[in-house]
Amino acid sequence: MKKLTIVFTLLYAPAFLFAQGVGIGIKGGVNFANMDIKDVSTSSITSFHIGGYVNLNLSDKFGITPEILWTAQGSEIQSAELNTDYISIPVMVRFKPVSLLSLEAGPVFNFLINAEYDGADFKDQLKNNEFGFGLGAGVHLPLGFNGGIRYVLGFTNISDVDEDIKSRTFQIYVGWTIFGAK
């Protein structure tokens with residue numbers, strides 16, 4: 001009987017969760033990243049992000065969307081590129097004024113994976129964690145397809161030496177809610 005209960009739970013738990021307003025999807029897009037460094041001229045670089053998300057709909061109008069993304073960021077500094085790779089965990093609170101459009105805002109937690117400046121390892125010059133805030137909007141299309149824009153403002157000084165460096169990233173993405181609530 002115990003085995004039957006476990007099998008029943010494993011088979012029907014996902015259906016129950018999705019019926020309650022839970023959805024799982026994938027997303028990816030382009031990053032236009034730059035870094036704010038006091039008294040240093042920087043230029044933005046173009047890179048990417050890719051990952052997955054979970055929609056947790058609290059009502060028809062409100063929801064929470066935690067994500068896990070691989071995001072490549074950085075900046076051009078003095079004619080050389082600083083490239084950083086992060087595992088990023090945004091937790092967006094969504095408001096849908098209409099079913100087709102959502103507005104989102106929330107904290108973004110970044111964990112440094114790799115950093116290179118002009119081709120040389122630069123990870124030991126940067127902090128391992130970064131905290132920021134994301135603000136954006138999305139469009140929800142039929143069949144679970146979606147797209148949107150987001151601006152992520154880094155609050156943490158990511159330099160582990162004497163500079164004050166804060167990241168700035170503008171993202172454009174497309175996604176697909178594969179299972180469950182959109």
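## Close-up views of a predicted model

From the N terminus on, the elements of the chain run α-β-β-β-β-β-β-β-β-β-β. Put as a tally, that is one helix and ten strands. Keep in mind that this is a predicted model. The chain has 182 residues, and 38% of them count as buried. Among contacts with a separation of 6 or more, 59% are between residues 24 or more positions apart.

**View 1. Ten residues make up the largest nonpolar core.** Look here for Met35, Ile37, Ile77, Leu82, Tyr86, Leu112, Ala115, Leu126, Ile158 and Ile165. Three strands, β1 (22-37), β5 (80-98) and β6 (101-117), each supply at least two residues of this core. As a bit of background, nonpolar side chains in soluble globular proteins tend to be buried together. Tyr86 is one of the ten core residues, and it's worth following its surroundings. Setting aside neighbours within four places in sequence, Tyr86 is in contact with Leu69, Trp70, Thr71, Gln73, Asn110, Phe111, Leu112, Ile113, Glu130 and Ile158. Of these contacts, Leu112 and Ile158 also belong to the core.

**View 2. Thr84 sits in strand β5.** Is Thr84 buried or exposed? Its relative accessibility is 1%, so Thr84 counts as buried. Not counting residues up to four places away in sequence, Thr84 touches Met35, Thr71, Ala72, Gln73, Gly74, Leu112, Asn114, Ala115 and Leu126. Met35, Leu112, Ala115 and Leu126 from that list are members of the largest nonpolar core too.

**View 3. Phe122 lies in the loop between β7 (120-121) and β8.** With 22% relative accessibility, Phe122 counts as partly exposed. Which residues does Phe122 contact, leaving aside its neighbours within four places in sequence? They are Leu82, Ala115, Glu116 and Tyr117. Two of these contacts, Leu82 and Ala115, are part of the largest nonpolar core. Phe122 and Asn83 are 39 residues apart along the chain, and their C-alpha atoms are separated by 8.9 Å.

**View 4. Phe131 and Phe155 form a tilted aromatic pair.** The count of aromatic pairs comes to six, and here's one of them. The ring centres of Phe131 and Phe155 are 5.9 Å apart, with 50° between the planes. This pair links distant parts of the chain, 24 residues apart: Phe131 is in strand β8 (residues 129-140), while Phe155 is in the loop between β9 (145-154) and β10 (165-180). Phe131 counts as partly exposed at 35% relative accessibility, and Phe155 counts as partly exposed at 43%. Phe109 joins in as well: Phe109, Phe131 and Phe155 form one aromatic cluster.

**View 5. Phe145 and Trp176 form a stacked pair.** Why is this pair called stacked? The planes are at 15°, so the pair is stacked, with ring centres 5.8 Å apart. Phe145 is in strand β9 and Trp176 in strand β10, 31 residues apart, which makes this another link between distant parts of the chain. Phe145 is partly exposed, with a relative accessible area of 40%, and Trp176 counts as partly exposed at 35%.

**View 6. Lys27 lies over the face of Tyr173.** The distance from Lys27 to the ring centre is 3.6 Å. Keep Tyr173 in mind for the next view, where it turns up in the lining of the largest cavity.

**View 7. The largest cavity has a volume of about 150 Å³.** How many cavities of 30 Å³ or more are there? The count comes to two. The largest cavity is lined by 16 residues. Lying nearest its centre are Asn55, Glu104, His140, Asn146 and Tyr173. Six strands come into play: β3 (45-57), β4 (62-77), β6, β8, β9 and β10 each supply at least two lining residues.

**View 8. His140, from the cavity lining, lies in strand β8.** At 16% relative accessibility, His140 counts as buried. If you skip its neighbours within four places in sequence, His140 is in contact with Lys96, Ser99, Leu100, Leu101, Ser102, Phe145 and Asn146. In that list, Phe145 is the partner of Trp176 in the stacked pair. His140 and Thr177 are 37 residues apart in sequence, and 9.6 Å apart in space from C-alpha to C-alpha.

Key:
Residues numbered from 1 in each chain as written. Predicted model: local features only at pLDDT ≥ 70, side-chain atom pairs only at ≥ 80, totals over all residues. Heavy atoms only, no water. Core = buried A, V, L, I, M, F, W, Y, C linked by side-chain atoms within 4.5 Å. Buried < 20%, exposed > 50% of the residue type's maximum accessible area, 1.4 Å probe, protein only. Helix = DSSP H or I, 4+ residues; strand = E, 2+ residues; numbered from the N terminus. Contact = heavy atoms within 4.5 Å. Phe/Tyr/Trp six-rings, centres within 6.5 Å; stacked < 30°, edge-to-face > 60°. Lys NZ or Arg CZ within 6 Å of the ring centre and 35° of its normal. 1 Å grid on protein atoms, 1.4 Å probe; cavity = no way out; pocket = protein on both sides within 12 Å on 5 of 7 lines; lining within 4 Å. Points joined across faces, edges and corners; volume = space filled by probe spheres on them.
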